[in-house]
Amino acid sequence: MKNTLNEFKEFIAQGNVVDMAVGVIIGGAFGKIVASLVNDILMPLIGLALGGVDLTKMYVALDGKSYSDPVAAAESGAPLLAYGNFIQNIIDFLIIAFVIFMILKQITKIKGRFSKKEDEPAATKVCPFCKEEVHIDATKCPHCTADLEAV
């Protein structure tokens with residue numbers, strides 16, 4: 001048991017776990033912002049463009065009765081097929097995915113500017129005898145014909 005607790009402490013102390021926790025917290029807050037963007041700004045505009053349609057009110061009561069809105073149907077205990085909410089959640093997902101894609105694209109672009117490019121391995125070497133540049137895989141110098149394998 002003590003060994004398991006020590007392993008757990010090491011696991012929690014790793015940077016990846018802390019990074020993941022911060023990511024989840026920021027992701028939750030970001031999700032609220034995007035949900036507000038979708039619900040409060042985009043969906044009313046989409047509804048207006050579609051002739052005043054409110055997706056949250058699009059449903060089918062599976063008991064066959066007619067209700068004034070989905071809240072009244074749910075309060076009566078009727079099973080609902082709330083396809084409007086499903087469509088709205090798909091739109092939420094697509095917007096969130098697009099925003100995250102754009103953010104990651106910009107982060108990658110910024111990281112590329114500041115990261116050092118690793119030097120490529122040398123394609124040539126200098127002959128120790130004539131001091132001329134030769135291909136890295138050369139076994140004989142083409143200038144002085146010295147044997148480069150022995151060096």
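Does Gln88 count as buried or exposed, and at what relative accessibility? In this predicted model, Gln88 has a relative accessibility of 8% and therefore counts as buried, the limit for that class being under 20%. The residue is placed in helix H4, which covers residues 83-114. When neighbours within four places in sequence are left aside, the contacts of Gln88 are Val38, Asn39, Met43, Leu55 and Thr56.

The chain as a whole is assigned three domains: domain 1 spans residues 1-53, domain 2 spans 54-116, and domain 3 spans 120-150. Between the centres of domain 2 and domain 3, calculated over C-alpha atoms, the separation is 65 Å.

Helix H4 also contains Ile87. With a relative accessible area of 34%, Ile87 is partly exposed, because this value falls between the 20% limit for buried residues and the 50% limit for exposed ones. Ile87 is one of the members of a nonpolar patch on the surface. The other residues of this patch are Val60, Leu62, Leu81, Tyr83, Phe86, Ile90, Phe93 and Leu94, and the accessible area of the patch, Ile87 included, is about 870 Å². H4 supplies the largest share of the patch, with 6 residues.

An unreviewed UniProt entry lists residues 12-34 and 80-104 under "transmembrane region". In the model, the second of these ranges, residues 80-104, is 88% helix and 8% strand. The C-alpha atoms at the two ends of residues 80-104 lie 38 Å apart.

Two residues that are not glycine have a positive phi, namely Lys131 and Thr145. For Lys131 the angle is about 65 degrees. Lys131 is located in the loop that runs between strand S3 (124-126) and strand S4 (133-135). Its relative accessibility is 57%, so Lys131 counts as exposed, the class that begins over 50%. For Thr145 the phi angle is about 60 degrees. Thr145 belongs to the segment that follows S4. The relative accessible area of Thr145 is 57%, and this residue is therefore exposed as well.

In summary, Gln88 of helix H4 is buried at 8% relative accessibility, whereas Ile87 of the helix H4 is partly exposed at 34%. Lys131 and Thr145 are exposed.

Note on methods:
Residues numbered from 1 in each chain as written. Predicted model: local features only at pLDDT ≥ 70, side-chain atom pairs only at ≥ 80, totals over all residues. Heavy atoms only, no water. Domains from an automatic or database assignment. Helix = DSSP H or I, 4+ residues; strand = E, 2+ residues; numbered from the N terminus. Buried < 20%, exposed > 50% of the residue type's maximum accessible area, 1.4 Å probe, protein only. Contact = heavy atoms within 4.5 Å. Patch = residues over 30% accessible without salt bridge, like charges linked within 9 Å, V, L, I, M, F, W, Y side chains within 5 Å. Areas by Shrake-Rupley, 256 points an atom, 1.4 Å probe, with all protein chains shown as cover. Salt bridge = Lys/Arg side-chain N within 4 Å of Asp/Glu carboxyl O. UniProt positions renumbered as here; feature names shortened; annotations may be inferred.
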